[in-house]
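Visitor: I am new to this structure and should like to learn how to read its features. May we go through them one at a time?

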Amino acid sequence: MSMDAPTSPLTKIRRMTLWFFLFVALLLAGPVMTLAFGRASVGGDWRTATHRSAGLAPDPASHHEAVVQVYASRAFAWRGAFADHTWLAVKPEGADRFTRYEVIGWYGRAGGSVVSVSDQRAPDAEWFGAAPRLIRDVRGADADAIIRKLPQAVAAYPYGASYSVWPGPNSNTFVATVLRAAPELEVAMPSEAIGKDFRTDGAVFGLTGSGTGVEASLWGLLGLKLGWVEGLEVNLLSLVAGLDIRRPAVKLPGFGRIGMESATALAKPR
């Protein structure tokens, strides 16, 4: 009877080293592709970066109905290779301006709240030169019902004085938390929205943000998610890979979706 020769310690070290580099390559493949395809720029000066409207929001002067929109933009400088910045823009019925709900980290440097609720910027403004993407667009009675939930959801956010780029809480943690208060939006946040999986309730297991599936998350650093809206997502060190079955697409760490775009309209514009 033959027996396999024992594996030498050197061979084990080589295998472990190979697996380590393969793991690192997997995590970095998405960010590298992001830079290669020009989806993020590591250059630029924040003082001269543009904040122009992208023309994705309706004009309040000609759109009387309520509107709720969810946006994402590449983060500024090198962070853009890995992550998005997300926010909500809402307009109640009859209002003449949009209000943006978002977290801005440097607001907390002087001891203030990082949560920004403001009507001073365009709802679809570039984020320091990066064009926004419309993730969700809800209008009419559906939007009105959601808007009524926002003040309480924002007030309940527990990290108004805290901000951490990685793994959270950050701007994406805030949006994900607020969206949990309105699961009827059925929003699947971008896989590149680092911080979205940092649960502010501290739970390791629970429902996904849309309420259509289940998830497990360890402080946003390691996790698994399976839901009808979110699809399948695996989180390694806050970098997310996955599959969307409902609207077929592959999700890559840092890069985002390859395939059909996520749905944006819950109620058709009038």
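Visitor: Is Asn172 buried or exposed?

Guide: Please note that the model is predicted. A residue counts as buried when its relative accessible area is under 20%. Asn172 has a relative accessible area of 2%, so this residue is buried. Asn172 belongs to helix α4.

Visitor: Which residues is Asn172 in contact with, leaving aside its neighbours within four places in sequence?

Guide: The contacts of Asn172 include Asp84, His85 and Thr86. Met189, Ala193, Ile194, Gly195 and Lys196 are also in contact with Asn172.

Visitor: How should one read a helix, with α1 as the case?

Guide: An α-helix has 3.6 residues a turn, so residues three or four places apart point the same way. Helix α1 covers residues 9–36. From its first C-alpha to its last, α1 reaches 39 Å, close to the 40 Å expected for its 28 residues at 1.5 Å a residue. The buried residues of α1 are Leu27, Gly30, Pro31 and Thr34. These buried residues pack against three strands: β1 (67–74), β9 (231–236) and β10 (239–244).

Visitor: Where does α1 bend?

Guide: The bend, of about 40°, is at Leu28. A proline, Pro31, follows within four residues. After α1 comes Gly38, with a positive phi near 70°.

Visitor: Which residues are joined by cis peptide bonds in the loop between α3 and α4?

Guide: The angle to read is omega. Trp166 and Pro167 are joined by a cis peptide bond with omega of about 0°. Gly168 and Pro169 are joined by another cis peptide bond, with omega of about 5°. Pro167 is in the loop between α3 (150–155) and α4, and Pro169 is in the loop between α3 and α4 as well.

Visitor: What is the phi of Glu186, and what is the phi of Trp219?

Guide: Glu186 is not a glycine, yet its phi is positive, about 55°. Trp219, also a residue other than glycine, has a positive phi near 55°. Glu186 lies in the loop between α4 and β6 (205–207), whereas Trp219 lies in the loop between β7 (213–218) and β8 (222–227). Glu186 is partly exposed, with 31% relative accessible area, while Trp219 counts as exposed at 63%.

Visitor: What is the volume of the largest pocket, and which residues line it?

Guide: A pocket is read by its volume and its lining. The largest pocket has a volume of about 660 Å³. Its lining has 24 residues, and those closest to its centre are Phe76, Arg79, Trp106, Tyr163 and Val165. Two elements, β2 (84–91) and α4, give two or more residues to this lining. By class, the lining of the largest pocket has 16 nonpolar, five polar and three charged residues.

Visitor: How many cavities of 30 Å³ or more are there?

Guide: A cavity, unlike a pocket, is a space that a probe cannot get out of. The count is four cavities of 30 Å³ or more. The largest cavity has a volume of about 170 Å³. Of its 18 lining residues, Ala176, Val187, Met189, Gly209 and Glu230 lie nearest its centre. Helix α4 (residues 171–180) gives the largest share of this lining, three residues. The lining of the largest cavity divides into eight nonpolar, two polar and eight charged residues.

Terms used. Residues are numbered from 1 along each chain as its sequence is written. This is a predicted model: local features need pLDDT of at least 70, side-chain atom pairs count only at pLDDT 80 or more; totals for chains, interfaces and linings use all residues. Side-chain values use heavy atoms; hydrogens and water are left out. On a 1 Å grid over the protein atoms alone, a cavity is a set of points where a 1.4 Å probe fits but cannot get out, and a pocket is an open set with protein on both sides within 12 Å along at least five of seven lines; lining residues have an atom within 4 Å of a point. Grid points are joined across faces, edges and corners, and a volume is the space filled by probe spheres set on the points. Ala, Val, Leu, Ile, Met, Phe, Trp, Tyr, Cys and Pro count as nonpolar, Asp, Glu, Lys and Arg as charged, and the others, Gly among them, as polar. Buried means under 20% relative accessible area, exposed over 50%, partly exposed in between (1.4 Å probe, protein chains only). Contact means heavy atoms within 4.5 Å. The expected span of a helix is 1.5 Å times one less than its number of residues. The bend at a residue is the angle between axes fitted to the seven residues ending there and the seven starting there.
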